[in-house]
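Grab your viewer and a coffee: here are some exercises with worked solutions. Try each task before you read on.

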Amino acid sequence: MRVLIVSWPWRTHFQPMVPLGWALQAAGHEVRVSSSPDLTESLTASGLMAVPVGPPDVLKKMYEQFTEEQVELVRTLEQLGSRDDFFFDFALNTEEALTWDRLRLRTRYFTEILKGVNDAMVEELVDYCRWWKPDLVVWEWMSHAGPIVARATGAASARIRSEIDVDAWSRRAFLQLREQQAPEEREDALADWLGRWAEKFGKSYSEEMVTGHFTIEHMLGSMRLESDVPHIPLRYVSYHGPAVVTQWARRPPQKPRVLATFGISQNKGREYQAVSVRQLQQILDSLADLDIELVVTAPEKVRRNLKRVPSNAMLTEFVPLHAVVPTCSAVIHHGGIPAFMESIANGVPQLMVGRVVGDIDLRAPLLEEAQGGLYISRPHLSGERVRECLVRLLEEPAFREGADRLRREQATQPTPSELVPELEKLSARYRSR
């Protein structure tokens, strides 16, 4: 079997798919991984064979050259509510969030974002796959060049999602509301865009170009949403790129170790930040007198703007999560999947903060309900509140017990190698050549 894995050109989108690529390759299948040239270093570092397509700097160009339509859409969306309302409230499945105006404009806006990267990849990738002939295309949820290729070449199409699949939920609500509109008002920017690509390659649009023939999900079963699309669970397996276990991480901590990590959010603009430099300083100050070993990951530009670093804290650029989290008594993070899943895999209580991931309004309450951790929303984030929650995680046995229950649930999901035979069957069922 030949398998193509397609990723958005961010390493955090690609890395969760790597263990599945390893498993397929170890089972004797041919595997190729593809994205724009911006991700080539991460693709090749994984040990899988890379097929970079399209021009370089595609994300940079997209953000620097917003179309007039995108600018106008942003203005219109701002009239419907704040950025937080628009980007996060749709996950709550409320009538206020899932209105026709909000969903159609959100669909139009995100289609423009998706076009900005995927359009640059499609033709070269289709040309390659018409020659290579993949049996299965696995694509992460923003990489619609994948289903376009699958449609054009007759391959089975598998969408892969690590967060709670709120996009499939909102898509279903969008289609239901669309049917209630007058025929001339039934716009669907996403289907129109994908349909034009399908027609270019002699095919017609099908909704599987949005959903895949089936969806592979890392999320725990107790946290996933119901879907009309076939669902294949997959255990999350750690891969964070090339890493070295440093000296301090090679021994058990002398005190309870707490890891605070906020992923790429610290490297992006303010709208992506879970924690500002000011708030990080407040957190460090509030935890300064606790008898813990605090490990904080932060880029150099953040570290140099801190005024004080307490004696119980160590600041570093990066840590391999799968080497450090097992030694921790608690983890503080922004809701990113690597830290979230790594904490669950090791039965470590976690504190999520901020609002920078799309499913946070669903995932955070479910985490608290399971007693696997706590959540501090953006308006309530302060050093004092972090201290209060962290002390609870460290001192109340219920959180360790809840985290361990989540660990046991995750362990029931099939590993990548265990999933391979099922993917072989599904590929044979759905491919059309």
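**Exercise 1.** Which residue is the bridge partner of leucine 136 in S5?

*Solution.* Before we start, some bookkeeping: the model is predicted, so local features need pLDDT of at least 70 and side-chain atom pairs count only at pLDDT 80 or more, while totals for chains, interfaces and linings use all residues. Residues are numbered from 1 along each chain as its sequence is written, and side-chain values use heavy atoms, with hydrogens and water left out.

Step 1: find the elements; helices (H or I, at least four residues) and strands (E, at least two) are DSSP runs, numbered from the N terminus. Strand S4 covers residues 136-140, and strand S5 covers residues 156-161.

Step 2: check the pairing, which requires that DSSP finds at least two bridges between two strands. S4 and S5 have five, in the parallel sense.

Step 3: read off the partner. Leucine 136 is matched with alanine 156 in S5.

Step 4: follow the chain between the two strands. From S4 it passes through helix H8 (residues 145-153) to S5, a right-handed β-α-β crossover (with the strands pointing away from the viewer, the path from the first strand over the helix to the second runs clockwise).

**Exercise 2.** Work out why S5 counts as largely enclosed by the rest of the structure.

*Solution.* Step 1: set the scale. Buried means under 20% relative accessible area, exposed over 50%, and partly exposed in between, using a 1.4 Å probe and protein chains only.

Step 2: count. Six of the six residues of S5 are buried, so the strand is largely enclosed.

Step 3: split them by face. In a regular strand, side chains alternate between the two faces of the sheet. Here Ala156, Ala158 and Ile160 sit on one side, with Ser157, Arg159 and Arg161 on the other, and both faces are covered.

Step 4: look at the other neighbour. S5 also runs parallel to strand S6 (residues 214-217), joined by four bridges, and arginine 159 is opposite threonine 215.

**Exercise 3.** Lay out the strand order of the two open sheets, and name the edge strands of each.

*Solution.* Step 1: the seven-stranded sheet reads S3-S2-S1-S4-S5-S6-S7, with parallel pairing. Strand S3 (49-50) and strand S7 (231-233) are at its edges with a single partner strand each, so one side of each has no neighbour in the sheet.

Step 2: the six-stranded sheet reads S10-S9-S8-S11-S12-S13, again with parallel pairing. Its edges are strand S10 (313-316) and strand S13 (373-376), each with a single partner strand, so one side of each lacks a neighbour in the sheet. From one strand to the next, the twist averages 15 degrees.

Step 3: zoom in on S11 (residues 330-333). Its two faces are covered, with Ala330 and Ile332 buried on one side and Val331 and His333 buried on the other. Strand S8 (residues 257-261) pairs with S11 over four parallel bridges, and threonine 261 is opposite histidine 333. Three bridges link S11 to the parallel strand S12 (residues 350-353), where leucine 351 partners isoleucine 332. S11, helix H15 (residues 337-345) and S12 form a right-handed β-α-β unit.

**Exercise 4.** How do H12 and H17 pack: roughly parallel or oblique?

*Solution.* Step 1: get the geometry. Axes are lines fitted to C-alpha atoms, for helices over the stretch in contact, and angles run from 0 to 180 degrees between N-to-C directions. Helix H12 (residues 277-287) and helix H17 (residues 383-395) pack at about 50 degrees, with axes 8 Å apart.

Step 2: classify. Under 35 degrees is roughly parallel, over 145 roughly antiparallel, 65 to 115 roughly perpendicular and the rest oblique. H12 and H17 are therefore oblique to each other.

Step 3: list the contact (heavy atoms within 4.5 Å). H12 contributes Gln282, Ile283, Ser286 and Leu287, while H17 contributes Gly383, Glu384, Val386, Arg387 and Leu390.

**Exercise 5.** What is the phi of aspartate 57, and where does this residue lie?

*Solution.* Step 1: recall the background. Most residues other than glycine have a negative phi.

Step 2: check the residue. Aspartate 57 has a positive phi of about 55 degrees, although it is not a glycine.

Step 3: place it. Aspartate 57 lies in the loop between S3 and helix H4 (58-64), and its relative accessible area of 40% makes it partly exposed.
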